Amino acid sequence: MTETGAQLFARLEARRCLKDVEPRLFPEDGGPEHGEVVELYGAEGTGKTELLYHLLCRCVLPVAAGGLQVDVAFMDTDYSLDMLRLVSILDSRLNAAHSTTSPPPDSDEAALRSCLSRLLVVHCSSSSQLLLTLHFLETSFSTRPTLALLLIDSISAFYWLDRSEGGASVAKQEEKLSRCAELLGRLLRDYRITVFATCHAIRRGPSSSSSSSSSSSSSEFDRPYLCRPWQRLVSHRLLCSRQEAADNTAAAAPGGGGPRRRQTFSVHCSSPRRSGSPRRSGFRVTDAGVEFL
């Protein structure tokens with residue numbers, strides 16, 4: 001592959017580091033550096049996608065609105081990207097930032113369009129398409145130094161399909177994702193991007209069909225299961241879980257029988273490559289997006 005002078009300059013030029021993308025999620029030594037991968041792992045309904053939307057908004061929002069103002073590529077493998085939800089979160093953040101500045105009536109729409117112009121969305125329906133899409137995105141990475149983040153929702157979308165097509169051979173089952181991980185590793189080295197990817201939890205082994213304690217059940221879900229080339233890429237792991245908390249503000253509602261239960265989420269951040277201690281954070285999902293507790 002030949003490379004023009006402009007492409008070489010864009011590739012070697014320092015991209016925006018996302019170490020400060022969300023201080024409330026990562027340990028004190030900061031978030032991901034250039035060329036690192038963050039895996040958002042958890043069972044269905046544990047807030048992974050909402051957390052991904054939050055991180056996306058943090059990146060595309062302008063600096064004046066508390067964002068990083070960088071370009072983002074979003075790979076939607078589940079075909080579940082909710083653009084209305086994303087626009088609603090962005091609009092809420094922009095309105096909050098402009099609440100004390102009295103902007104002209106059309107400034108919010110212009111700012112929203114500017115945020116969306118920093119977002120590139122692509123869809124994949126198989127591991128083969130995922131591999132081809134990564135090759136396609138290399139051109140964008142080489143020509144757009146402002147493109148600093150790749151989001152994948154989710155990296156495990158084709159796990160069962162690949163297992164079925166691979167037959168009895170584990171190597172065949174993992175071949176496609178392994179090739180994707182190897183290509184992604186080269187893109188991380190060559191273009192110094194950052195990757196955030198969601199991964200669905202899965203229960204494996206004989207214990208999945210037998211009764212066990214909640215702690216052993218949790219550890220069964222928490223085990224990484226994707227191919228080793230992918231696991232070697234992951235530098236930060238955000239383990240998401242769901243919990244219930246009493247909403248005492250609703251206790252006095254007419255006809256109420258006590259405090260109402262409100263859903264909250266927990267995130268445990270671990271960084272195998274760093275010596276810092278893990279960090280646990282809590283959040284809930286509101287109309288304006290993720291709200292940390």
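This passage describes the aromatic pairs of a predicted model and the surroundings of one serine in a strand. Local features were taken only at pLDDT of at least 70 and side-chain atom pairs only at pLDDT 80 or more, whereas totals for chains, interfaces and linings use all residues of this predicted model. Residues are numbered from 1 along each chain as its sequence is written, and side-chain values use heavy atoms, with hydrogens and water left out.

The structure holds 6 aromatic pairs (ring centres of Phe, Tyr or the six-membered ring of Trp within 6.5 Å; stacked under 30 degrees between planes, edge-to-face over 60, tilted for the rest). One of them, formed by Tyr-159 and Tyr-225, is edge-to-face, at 4.8 Å centre to centre and 75 degrees between the planes. Because Tyr-159 lies in helix H6 (residues 159-166) and Tyr-225 in the loop between helix H8 (214-222) and helix H9 (228-233), this pair ties together parts that are 66 residues apart in sequence. Tyr-159 is buried, at 14% relative accessible area (buried being under 20%, with a 1.4 Å probe and protein chains only), and Tyr-225 is likewise buried, at 7%.

Phe-265 and Phe-283 form a stacked pair, with 5.3 Å between centres and 20 degrees between planes; this pair links strand S7 to strand S8 (residues 279-286), its members being 18 residues apart. Phe-265 is buried at 6% relative accessibility, and Phe-283 at 0%.

Ser-266, also found in strand S7 (residues 260-270), is buried at 6% relative accessibility, and its side chain makes a polar contact (here a donor and an acceptor, N or O, within 3.5 Å) with the side chain of Arg-280 at 3.2 Å.

Key. Helices (H or I, at least four residues) and strands (E, at least two) are DSSP runs, numbered from the N terminus. Buried means under 20% relative accessible area, exposed over 50%, partly exposed in between (1.4 Å probe, protein chains only).
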